[in-house]
Structure formats: structure tokens, C-alpha cells
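Okay, thanks for squeezing me in. Let me put the structure up, and then I'll talk you through a few spots in it.

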Amino acid sequence: MAERLQKLIAQAGMASRRQAETWIEQGRVAVNGRVASLGDKADPGRDVVEVDGKQILRGEKKMTILLNKPRGYISTLSDPQGRRLVTDLVKDIPERLYPVGRLDFNTEGLLLLTNDGELSLRLTHPRHHVSKTYLVKVRGVLSAPMAGNLSRGVVIDGYKTAPAKVEHIRTSGTSCWFELTIKEGKNRQVRKMCESIGLSVVRLKRIRIDFLDLGDLPVGKYRFLSEPEVQRLKQ
Ligand code: URA
């Protein structure tokens, strides 16, 4: 199907539509070897579209980024309450990326954003049991029996959680830090699991998804996943 050139250029991730329109007006865009005019269309399946003599990629280029989400950002694509969006942090990327799953407004840490539907499904479908590790700070002390309950499974919203891994980090005064690894992704699962054993979460940070670590990526920054990393996640 024929589409306007500025749309095809934007979909290829090369520029915004506005920018692409300027390029067309400047005579930098050609279709099948002929300089194009604003308003021209092309069929990405049949025609060769070039910018400055370089052929654009057919369709949108697939990409995935790993973001260190700060607290106080919402991981949906819009918010009726006007809160800050995670996509505000990746505005310099022309592709339209969407979050893989969710992190709560006040949860921080590792969040993937992608335009790769296959990868997103692979990571979020319950059938695949992808492991996610959270660093949890709770008010109170996580006793050994409590940790045992968490790891065997607790009942939240009338549902028993699957076995999880709990690793105590440290107890200091009235609070306690531990790592919790779960293979599910129910809404507010970690907070609810902790509440079910009488502990309230005061800080929550996702530090790992499968083999991907947050590493020392600064808060609010992102990095691109490499092709081998994407392939490994899809396996
Ligand atoms: N569990 C939660 O409770 N919140 C998150 O953001 C992620 C997992």
C-alpha cells in the first residue's frame, strides 16, 4: 500500500515526519531514482525510497532499550492525571517504544522499552515464567519463617503465588533489605506479597530480568540492548 514519504521515513526511525517533510522540500528524497515532491507516496513493498542516496529500511527498525526508571514516573503511554511518563525519558529516540510490562509509579529500576512485539510477548506471557529480581526495603524485620512463607507462596487476592527466591541482604534498625525473585507478574505483586506477611514496602527496585542486570546505569538513563541480548531473551 502506498504511504506518504514522510510517514515511511519516520517509520524507518530516521526522523520525525516534520523533519522528513523538510528533507523532501530540500530535494533530498528520491523514489525509484527520481527526486520526490512533498505529497508524493510510495509503496514500501515495491518502491525504492532514498534519502541522500541511501535507501531507507523497510518498516520500522526493531529496537529495545533498558531504562533505569526513576521513582515518580508512570509506565503507561499516557496519563489522564498528567504525571511524568517513562517515555519522556527516551524522547530522543524517534521510534515509538512501549514498556514491556509495568513498574508502579513509585517503583524504580530495570524497565525494558521496545517496538518488538515478539520480544514483548515472550517476556510478559505467563507461560514463559521469566524471572524478575527486586531489591526490597521493608519497614520491620523479615524473620526466617516470614522468608519461608514468601518463598513457598502466599495468598494475595485469593491466589497463591508460585515459589519465589528470597535472599536476605541486611537488617538495619527498624528496616530490612532483601532480594526477591519471582516468575510471575501480577499487579503490584511484590508489595502485596510483603503486605500479606505484615511488612510494608518502603522502597522497591527491579534489578534483574532473566540474565539482564541493571548494572551501574544511572537513574533516568538508558542503554540499547545488543542483538545477541535480544536473541537470548527470545530463546
Ligand atoms: N511488584 C510490585 O509490587 N510493583 C512493581 O512495580 C513491580 C512488581
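I'll start with the ligand site and then move out to some individual residues. One caveat up front: this is a predicted model, so please hear everything that follows with that in mind.

So, the ligand. Where does it sit? It's in the largest pocket. Around the ligand you'll find Leu103, Asp104, Thr107, Tyr134, Arg188, Gln189, Val190, Arg191 and Leu204. If you sort that shell by class, you get four nonpolar, two polar and three charged residues. And which element gives the largest share of the shell? That's helix H5, residues 189-196, which supplies three residues.

Now the polar contacts, since I know somebody's going to ask about distances. An N or O atom in the side chain of Asp104 is 2.8 Å from a nitrogen atom of the ligand. Thr107 also uses its side chain: a polar atom there is 2.9 Å from a ligand oxygen. With Gln189 we're talking backbone, where an N or O atom lies 3.4 Å from an oxygen atom of the ligand. As for how covered the ligand is, on its own it exposes 240 Å², and the protein buries 95% of that.

Let me stay with Asp104 for a second. In the chain, Asp104 belongs to the loop between strand S8 (98-99) and strand S9 (108-114). Is Asp104 buried or exposed? It counts as buried, because its relative accessibility is 19% and the cut-off is under 20%. That value takes only the protein chains as cover. Also worth a look is Gly72: it's 32 residues from Asp104 along the chain, and the two C-alpha atoms are 8.7 Å apart.

Okay, leaving the ligand. Next up is Asn68, which is in strand S7, residues 64-69. Asn68 has a relative accessible area of 2%, so it's buried. What does its side chain pair with? A polar atom of that side chain lies 2.9 Å from the backbone oxygen of Leu217.

Then there's Gly220, in the loop between strand S16 (212-213) and strand S17 (222-224). Gly220 is buried too, with a relative accessible area of 17%. Its C-alpha is 9.8 Å from that of Tyr73, although 147 residues separate the two along the chain.

Compare that with Pro44, which is in the loop between strand S4 (41-42) and strand S5 (49-51). Pro44 and Val201 are 157 residues apart along the chain, and their C-alpha atoms are separated by 51 Å. At 27% relative accessibility, Pro44 counts as partly exposed.

On to backbone angles. Most residues other than glycine have a negative phi. With that in mind, have a look at His129: it isn't a glycine, yet its phi is positive, about 50°. His129 is in the loop between helix H3 (117-124) and strand S10 (132-139). Asp157 does something similar, with a positive phi near 50°. You'll find Asp157 in the loop between strand S11 (155-156) and strand S12 (159-160). Asp157 has 63% relative accessibility, so it counts as exposed.

Last residue, I promise: Arg18, in helix H2, residues 17-25. Why do we call Arg18 exposed? Because its relative accessible area is 57%, and the cut-off for exposed is over 50%. Arg18 and Asp88 are 70 residues apart in sequence, and C-alpha to C-alpha they're 19 Å apart in space.

So if you take one picture away, make it the ligand in the largest pocket, with 95% of its 240 Å² buried by the protein. And around it, keep an eye on the side chains of Asp104 and Thr107, plus the backbone of Gln189. That's me done, thanks for listening.

Conventions
Residues are numbered from 1 along each chain as its sequence is written. This is a predicted model: local features need pLDDT of at least 70, side-chain atom pairs count only at pLDDT 80 or more; totals for chains, interfaces and linings use all residues. Side-chain values use heavy atoms; hydrogens and water are left out. A residue is near a molecule or strand if one of its heavy atoms lies within 4 Å of it. A polar contact is a pair of N or O atoms within 3.5 Å; within protein, one must be able to donate a hydrogen and the other to accept it, and residues adjacent in sequence count only if both atoms are side-chain atoms. Accessible areas come from the Shrake-Rupley method with a 1.4 Å probe; for residues, only the protein chains shown count as cover. On a 1 Å grid over the protein atoms alone, a cavity is a set of points where a 1.4 Å probe fits but cannot get out, and a pocket is an open set with protein on both sides within 12 Å along at least five of seven lines; lining residues have an atom within 4 Å of a point. A molecule sits in a cavity or pocket if more than half of its atoms lie within 2 Å of its grid points. Helices (H or I, at least four residues) and strands (E, at least two) are DSSP runs, numbered from the N terminus. Ala, Val, Leu, Ile, Met, Phe, Trp, Tyr, Cys and Pro count as nonpolar, Asp, Glu, Lys and Arg as charged, and the others, Gly among them, as polar. Buried means under 20% relative accessible area, exposed over 50%, partly exposed in between (1.4 Å probe, protein chains only).
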